[in-house]
Amino acid sequence: MTASPADTPAAAVPRPPAPLPSPLRIALARAAVETKVLFRERDAVVFTFALPIVFLVLFASIFSDSAQGTGVTVAQLYTAGLIGSGVMGTGFQNLGIGIAGDREDGTLKRLVGLPMPRAAYFIGKIASVLVMTVLQVAILLAIAVLFYGLELPAEVSTWVTFAWVFVLGVSAASVLGIAVSGLPRSGKSATAVISLPFVVLQFVSGVFIPITELPDWLVNAASVFPLKWMCQGFRSVFLGDAGAALELTGSYELGKVALVLAAWLVGGLALRLTTFRWKGRRDG
């Protein structure tokens, strides 16, 4: 005698599989994981936060006068440049090296086999960069305000400028970090391959040396890349009208800042499609 469905024990009735979480929920969960992993690497966190602070203290101690009689102190000038350098360093250098390491140790290969949208991995990485840069900027500004007389802007419009320069800067630096992560042949070589161009960019983009003191050919070369424009945008926020005299054109050219950073954001996304690899070279 065949049992009717009503006589079948409840435990024996197959249940439909639970629906997968939404892509947004997965991306947010991945962002939380990436941020936790980032802060567990204490050496990397301390180095990321300490380096711009050490540079600020050193340069402010060595050069204590005003820049070219503008009333802008060298410490204030370096604060703006180091904020740009910190954003670029965390997004481009640290992210690129970190992803290359994930590829080397097989993390990316394992993630590909999971029922997770691949975009969630990138969103998680960019979210961790955003958290790191927000904290880094807050620490730099606190030190500059407390010890070096930096005056924070009072106008809402100026903070709006800071917000879009920061968001475009973090976004462009992060997608470039993702794109460049595929260039090193291994995780061990990633630090050398990625750090060298970043160090060079800092010297030619107005971070350590005022842009007006560089030869024209270096300025022209730096103008192709986003760091020069990012620093210029942050100088407009924290140095105000007095600092405009330190720019080559006597103006911050915020329209060009937005255009170049947006172009690098789009270009980085396109470059990622051709350079990013989920597997190491040894995996085929």
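## Pocket, cavities and salt bridges in a helical chain

Helix H3 is the main contributor to the lining of the largest pocket, giving 8 residues. The structure is a predicted model, and the pocket in question holds about 730 Å³ of space. Its lining comprises 31 residues, and those closest to the centre are Leu38, Glu41, Asn94, Leu95 and Gly98. Two or more lining residues come from each of helix H1 (23–40), H2, H3, helix H5 (118–148) and helix H7 (187–204). By residue class, the lining of the largest pocket consists of 16 nonpolar, 10 polar and 5 charged residues.

### Overall architecture

The protein chain contains 11 helices and 0 strands. Its pattern along the sequence is accordingly written α-α-α-α-α-α-α-α-α-α-α. The chain has 284 residues, of which 45% count as buried.

One contact within this arrangement involves leucine 269, which is placed in helix H11. The C-alpha atoms of leucine 269 and alanine 179 lie 7.6 Å apart, although the two residues are separated by 90 residues in sequence. Leucine 269 has a relative accessibility of 43% and therefore counts as partly exposed.

### Enclosed cavities

Rolling a probe the size of a water molecule over the atoms shows where empty space is left. A search of the whole structure yields 2 cavities of 30 Å³ or more. The largest cavity has a volume of about 160 Å³, and the second largest has a volume of about 60 Å³. Around the second largest cavity there are 11 lining residues, with Arg103, Glu104, Arg185, Ser186 and Arg277 closest to its centre.

The largest cavity is lined by 15 residues, and Thr48, Leu51, Pro52, Ser85 and Gly89 lie nearest its centre. Helices H2, H3 and H7 each supply at least two residues of this lining.

Which helix gives the most to the lining of the largest cavity? The answer is H3, with 7 residues. H3 also gives the most to the lining of the second largest cavity, with 3 residues.

The linings of the two cavities may be described by residue class. That of the largest cavity has 6 nonpolar and 9 polar residues, with no charged residue. That of the second largest cavity has 2 nonpolar, 4 polar and 5 charged residues.

### Salt bridges

Side chains of opposite charge can pair when their charged atoms come close. In this model the count comes to 3 salt bridges. The table gives the partners and the distance between their closest N and O atoms.

| Acidic residue | Basic residue | Closest N and O atoms |
|---|---|---|
| Aspartate 102 | Lysine 125 | 3.0 Å |
| Glutamate 247 | Arginine 235 | 2.6 Å |
| Glutamate 253 | Lysine 256 | 3.5 Å |

Aspartate 102 and lysine 125 form a salt bridge with closest N and O atoms 3.0 Å apart. This pair links distant parts of the chain, with aspartate 102 in helix H3 and lysine 125 in helix H5, 23 residues apart. Are the two partners buried or exposed? Aspartate 102 has a relative accessible area of 13% and so is buried. Lysine 125 is likewise buried, because its relative accessible area is 9%.

Glutamate 247 and arginine 235 form a salt bridge in which the closest N and O atoms are 2.6 Å apart. Here too, distant parts of the chain are linked: glutamate 247 is in the loop between helix H10 (240–243) and helix H11 (254–275), arginine 235 is in helix H9 (residues 226–238), and the two are 12 residues apart. Glutamate 247 counts as buried because its relative accessibility is 5%. Arginine 235, at 4% relative accessibility, therefore also counts as buried.

In the salt bridge between lysine 256 and glutamate 253, the closest N and O atoms are 3.5 Å apart. Lysine 256 has 45% relative accessibility and so counts as partly exposed.

### A nonpolar surface patch

On the surface, Val54, Leu58, Ile62 and Phe63 form a nonpolar patch with about 370 Å² of accessible area together. Phenylalanine 63, one of these residues, is found in the loop between helix H2 (42–62) and helix H3 (74–104). Its relative accessibility is 38%, so phenylalanine 63 counts as partly exposed. Residues enter such a patch only with over 30% relative accessible area.

Technical notes
Residues are numbered from 1 along each chain as its sequence is written. This is a predicted model: local features need pLDDT of at least 70, side-chain atom pairs count only at pLDDT 80 or more; totals for chains, interfaces and linings use all residues. Side-chain values use heavy atoms; hydrogens and water are left out. Patches are made of residues with over 30% relative accessible area and no salt bridge: like charges are joined within 9 Å, nonpolar side chains (Val, Leu, Ile, Met, Phe, Trp, Tyr) within 5 Å. Accessible areas come from the Shrake-Rupley method with a 1.4 Å probe; for residues, only the protein chains shown count as cover. A salt bridge is a side-chain nitrogen of Lys or Arg within 4 Å of a carboxyl oxygen of Asp or Glu. Helices (H or I, at least four residues) and strands (E, at least two) are DSSP runs, numbered from the N terminus. Buried means under 20% relative accessible area, exposed over 50%, partly exposed in between (1.4 Å probe, protein chains only). On a 1 Å grid over the protein atoms alone, a cavity is a set of points where a 1.4 Å probe fits but cannot get out, and a pocket is an open set with protein on both sides within 12 Å along at least five of seven lines; lining residues have an atom within 4 Å of a point. Grid points are joined across faces, edges and corners, and a volume is the space filled by probe spheres set on the points. Ala, Val, Leu, Ile, Met, Phe, Trp, Tyr, Cys and Pro count as nonpolar, Asp, Glu, Lys and Arg as charged, and the others, Gly among them, as polar.
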